[in-house]
Amino acid sequence: MAWLVDWGCILIWVAITAAVGVPLYLAGVVRIVDPFAQNVVGALVVVVPVTVGLAWLESRHREATVGKRVRRLVVVTVGDGSRLSLARALVRNVAKITVPWLVGHAAVFSIVEASTTGTVPVGVWLLTCLAYLLPVVYLVSLFIG
């Protein structure tokens with residue numbers, strides 16, 4: 001449930017960026033057509049701020065994101081139960097959010113690009129499998145040590 005609340009907050013951020021970016025795109029102010037550039041812009045505008053923001057919240061005195069606070073959960077170190085440093089919280093969130101998100105985006109852009117040729121290279125299939133495997137590994141890790 002905490003993750004769903006956090007995703008609600010993330011979607012608010014995505015809506016804000018879309019409310020700014022879509023009109024700029026439609027007005028011709030911003031024209032990014034290269035798939036790689038689109039992925040980089042998406043990472044810089046959405047993924048990086050979300051990752052840094054969640055890590056910052058988990059490393060602060062409340063030790064929790066908005067969703068975790070709603071559920072009365074905290075994020076602490078395993079060894080002594082102390083608060084996470086910002087660096088450790090960043091590593092945690094990069095593994096949990098950034099890597100799967102960017103791999104997923106890269107898979108989607110690769111699929112779209114491959115669809116124009118009529119054949120899908122093996123590398124695109126592997127990237128797509130990895131995009132699905134990463135969240136599954138994360139979910140499994142919630143239930144095992």
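This passage describes the salt bridges in a predicted model. The structure holds 3 salt bridges, and the residues E58, K68, R92 and K96 are joined by them into a network.

In one of these salt bridges, the side chain of E58 meets that of K68, with a distance of 3.0 Å from N to O. The two residues belong to distant parts of the chain, since E58 lies in helix α2 (residues 35–59) and K68 in helix α3 (residues 66–70), with their positions 10 residues apart in the numbering. E58 has a relative accessibility of 0% and therefore counts as buried, the cut-off for this class being under 20% relative accessible area. K68, at 11% relative accessibility, also counts as buried.

The side chain of E58 also forms a salt bridge with that of R92, where the N to O distance is 2.9 Å. This pair again connects distant parts of the chain, as E58 is in helix α2 and R92 is in helix α4 (residues 86–115), 34 residues apart. R92 has a relative accessible area of 31% and is therefore partly exposed.

A further salt bridge is found between the side chains of E58 and K96, at 3.9 Å from N to O. Because E58 is located in helix α2 and K96 in helix α4, the pair ties together parts of the chain that are 38 residues apart in sequence. K96 has a relative accessible area of 10% and is buried.

Methods: Residues numbered from 1 in each chain as written. Predicted model: local features only at pLDDT ≥ 70, side-chain atom pairs only at ≥ 80, totals over all residues. Heavy atoms only, no water. Salt bridge = Lys/Arg side-chain N within 4 Å of Asp/Glu carboxyl O. Helix = DSSP H or I, 4+ residues; strand = E, 2+ residues; numbered from the N terminus. Buried < 20%, exposed > 50% of the residue type's maximum accessible area, 1.4 Å probe, protein only.
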